[in-house]
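Student: Could we go through this structure together? I would like to learn how each label is earned.
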Amino acid sequence: MTTTQTLQSTKVQTQRRYDYIYDPLFTLSSNRDHARERYKAYIAPDRVKKVPHYGPMFSGLNHYPKQQIQIDTCDPVPNFMSRRWAGYDKKQLLPMSHQNPHLNVSGGDRYKYSRRPIIPFLQQVPPDVLLQTTRVDPMMPPPEQQQSRPATPLTWTVGCQTMYRESEAQTEPYTPEYVTEKGTIPELLTLASLSYNRGLPAGLAEVEMIERAREKRAWEQTLPPVEDMSQLSKRRAMMEELERKEWVIREKEIEKLQQVRLQVLKQIFEKREEDNTNTNTERLNSIWSKKQVSKENNFKKKRSEHVKALRKLASARENVEGKLSKRDVVNDYSSFASQVYAPQTRVGVFLDRGSELYNVKNRYLNTYEGLLELEASLPDYVTQPRIKIPNLRSGKGGAQKRFEKRLKELDDTAELIKNDKEKQFQVPAPPRFLQKVIRPPPRPPTPSVEMPSEDEEKRELAIIFLQQLLRGRAVQNMMQEGKEKRMELIDELRSTEALQSEEEKANKELKKRARAVQRKQRMMQHKEDLANEMLEGMGGRNVGQMADFLSKELVRLQEEQRIHAFALLAERKRRMREAEESGKRQVEERRRLEEDEIWRQMCNCHQGSMETYLEDIIASSVNRTADEQARQEIQTKAETINEIAYQMESKRDRLQSENMVAELVFSFLLPEVEKETLRENVKREQRRHILAAHSVIHGQTAEVEKEGESSDK
């Protein structure tokens with residue numbers, strides 16, 4: 001089973017954003033670098049924000065953007081922090097040649113105060129001899145010019161202040177230096193191999209390891225000495241038993257590690273299965289969402305096409321015959337959706353073009369002084385409105401009285417509800433005397449209605465129907481009486497209607513006669529137009545045939561001339577290409593010869609490199625064989641010399657050992673000290689000559705500058 005694991009590289013931040021302000025160890029070379037760091041911190045990505053414009057928030061036009069990019073005005077650096085470059089303060093210091101150099105513990109001289117502790121496991125034998133050489137710095141002024149400085153205290157405190165949190169500046173715990181007596185190793189130093197996050201602070205496993213180490217040291221104390229040959233077998237048996245116990249402990253630790261690894265592996269497999277399941281689910285969800293989006297887009301597209309087709313059909317049905325209609329100016333100006341009020345861009349009208357011409361540019365609105373003048377010119381009641389509270393209870397209308405009455409009822413109801421709530425929370429007082437309980441009066445009997453009989457209901461319905469008939473007859477009689485009273489007017493209206501019908505008949509006869517005359521005139525005009533059209537068609541046909549013949553002849557002559565010109569151009573181009581091909585052929589032949597020569601030289605080079613490579617291999621194999629033989633001979637000689645040296649060492653006494661140590665010190669250590677002293681003297685002499693050369697050069701340079709300034713003046 002193959003598993004694929006993606007390793008993501010962690011991006012390490014080289015520095016923090018405001019190190020140039022807070023960190024005292026952050027050093028910049030010049031004011032330009034300081035300004036660059038300050039500008040980088042000012043335009044950090046997390047300070048850049050998109051601010052929307054609430055007016056054109058949903059605009060898609062370039063000249064009306066919906067948002068703009070701004071930098072956050074909230075500065076995370078407090079105002080009391082200085083943003084000046086620290087180099088300006090350092091420029092006020094005098095040159096080094098006129099004063100003593102000040103040591104900066106937290107700056108460039110910090111490395112002088114760092115030292116590795118003397119751990120007994122790294123340095124078993126403490127140094128007994130310390131050599132100190134006097135070094136005089138030639139850059140220091142003479143003793144009489146040196147300023148007196150106070151004595152250096154025995155102890156001092158060095159700190160580093162920062163504005164960041166302690167969790168950001170926390171490092172490994174400090175390990176102080178220590179000194180042990182000769183021949184003693186404290187038990188605490190056995191834990192020197194442990195460090196922070198690697199065994200410290202100690203846990204259960206470290207405590208078990210310390211207990212096993214104590215048991216082992218106690219067991220070593222009980223071992224018989226190595227010089228006692230009689231108890232050698234007992235020592236070997238005890239060591240084998242301890243070794244078996246250690247192997248058992250080691251096997252238990254291995255089993256624990258295996259269990260932990262199996263658990264971790266199981267968790268990794270479960271997490272991988274869960275990740276695969278989540279990935280598949282997300283992939284299916286994304287595919288499903290994409291399909292849904294495409295489905296909705298297709299549905300919207302089809303719907304828009306359907307609506308568009310319906311609009312086209314509706315517009316086509318409005319003008320089936322294809323007649324041209326005259327523009328209706330009244331409808332255009334009465335409808336706010338017409339081209340007059342809302343012209344379309346595809347027609348060629350751009351409403352936003354030249355919109356800046358309509359911007360109001362007024363001094364009273366664009367300047368502060370103009371606003372003050374405009375405010376001073378306005379009357380007082382505009383800037384200081386007077387609000388008069390109406391007296392609602394002084395009205396005399398019925399609506400006002402009803403409102404006051406309703407308001408009073410609401411106030412009374414609220415007061416009653418409030419009193420009821422207060423009574424609920426009141427504790428009733430205990431009765432002081434006996435009170436008589438008054439019984440409520442008995443309720444009166446409930447009244448009842450007798451049900452009428454069916455005959456009475458039928459009689460009542462008949463009476464109601466008879467009343468309806470009588471009322472309808474009365475209405476008819478009233479209408480008949482009104483008709484009889486106004487009969488003369490009705491007859492007059494009928495007579496005028498008959499006269500109007502006769503006049504209309506006469507007018508219709510006149511219209512028919514006029515239309516017949518007009519129809520005859522149109523027929524005669526149509527016949528004359530047909531004759532003229534036939535004559536003009538015959539003449540136009542002859543003229544068109546002649547013009548067509550002449551135009552075809554002209555086109556033929558132009559085509560012949562164009563083909564002849566194409567033939568001349570093609571011939572010229574063919575000759576030019578032949579010349580170019582001949583030149584390219586010569587270049588290709590020359591290049592082929594050069595490439596052949598390069599190939600030949602390359603083969604020779606490869607052959608030479610191959611021969612050199614073989615020679616190097618043979619020489620290296622010979623050297624290696626000689627080196628091995630020499631090492632074997634040296635090893636044999638060293639073994640013989642060691643045997644002789646061991647024999648001599650076993651026979652020599654203390655005086656011979658001291659003589660040997662003195663010879664070694666005299667032959668190795670003292671010459672090295674003399675060499676160091678000689679190097680310091682040579683360096684001091686060279687530095688003196690260099691200082692003299694610098695002084696001469698600077699003096700001549702100053703004289704040349706003075707001469708140049710005088711010549712310029």
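**How the labels are earned**

Student: What makes you say that the structure holds zero disulfides?

Tutor: Let's begin by saying that this is a predicted model. The structure holds zero disulfides, and two cysteines show how that is decided. For Cys603, the nearest cysteine sulfur belongs to Cys605 and is 9.9 Å away. A disulfide needs two cysteine sulfur atoms within 2.5 Å, so Cys603 is in no disulfide. Cys605 is in no disulfide either, with the sulfur of Cys603 as its nearest, 9.9 Å away.

Student: Why is Cys603 called partly exposed?

Tutor: Its relative accessible area is 32%. Buried means under 20% and exposed means over 50%, so 32% falls in between and Cys603 is partly exposed.

Student: What do we find for the protein chain as a whole?

Tutor: The secondary structure of the protein chain comes to 14 helices and four strands. Of its 713 residues, 5% count as buried. Among contacts between residues at least 6 apart in sequence, 45% join residues at least 24 apart.

Student: Which residues make up the largest nonpolar core?

Tutor: There are nine: Tyr18, Tyr20, Ile21, Tyr22, Leu28, Ala41, Val77, Met81 and Trp85. Helix H1, residues 19-22, gives the largest share of this core, three residues.

Student: How do you know that Glu37 has no salt bridge?

Tutor: The nearest side chain of opposite charge is that of Lys40, 4.4 Å away. A salt bridge needs a side-chain nitrogen of Lys or Arg within 4 Å of a carboxyl oxygen of Asp or Glu, so Lys40 at 4.4 Å does not qualify as a partner. Glu37 is nevertheless buried. Glu37 is found in helix H2, residues 31-42, and, leaving aside residues up to four places away in sequence, Glu37 touches Gln15, Tyr20 and Leu28.

Student: What makes Asp46 and Arg17 a salt bridge?

Tutor: Their side chains meet at 2.9 Å, N to O. The cut-off is 4 Å, so the pair counts as a salt bridge. Asp46 lies in the loop between H2 and strand E1 (48-52), and Arg17 is in the segment before H1, so the pair ties together parts that are 29 residues apart in sequence. Arg17 has a relative accessible area of 31% and is partly exposed.

Student: How many salt bridges does the structure hold?

Tutor: The structure holds 24 salt bridges.

Student: Why do Glu246 and Lys216 count as a salt bridge?

Tutor: Their closest N and O atoms are 3.8 Å apart. That is within 4 Å, so the label applies. This pair links distant parts of the chain, with Glu246 in helix H6 and Lys216 in helix H5, 30 residues apart. Glu246 has a relative accessible area of 36% and Lys216 one of 37%. Both values fall between 20% and 50%, so Glu246 and Lys216 are partly exposed.

Student: How do you know that the span of H6 is close to what is expected?

Tutor: Helix H6 (residues 232-318) has 87 residues and reaches 126 Å from its first C-alpha to its last. At 1.5 Å a residue, 129 Å is expected, and 126 Å is close to that. In H6, Arg235, Met238 and Leu242 are buried, and the buried residues of H6 pack against helix H5 (204-222).

Student: What separates Arg679 and Glu676 in helix H14?

Tutor: They are three residues apart in helix H14 (residues 654-712), so about one helical turn separates them. Their side chains meet in a salt bridge at 3.2 Å, N to O. Arg679 is partly exposed at 47% relative accessible area, and Glu676 is partly exposed at 36%.

Student: Which residues are joined into one network by salt bridges that share partners?

Tutor: Those are Glu571, Arg574, Arg575 and Glu578.

Note on methods
Residues are numbered from 1 along each chain as its sequence is written. This is a predicted model: local features need pLDDT of at least 70, side-chain atom pairs count only at pLDDT 80 or more; totals for chains, interfaces and linings use all residues. Side-chain values use heavy atoms; hydrogens and water are left out. A nonpolar core is a set of buried Ala, Val, Leu, Ile, Met, Phe, Trp, Tyr and Cys residues joined through side-chain atoms within 4.5 Å. Buried means under 20% relative accessible area, exposed over 50%, partly exposed in between (1.4 Å probe, protein chains only). Helices (H or I, at least four residues) and strands (E, at least two) are DSSP runs, numbered from the N terminus. Lys and Arg count as positive and Asp and Glu as negative; His and the chain ends are not counted. Contact means heavy atoms within 4.5 Å. The expected span of a helix is 1.5 Å times one less than its number of residues.
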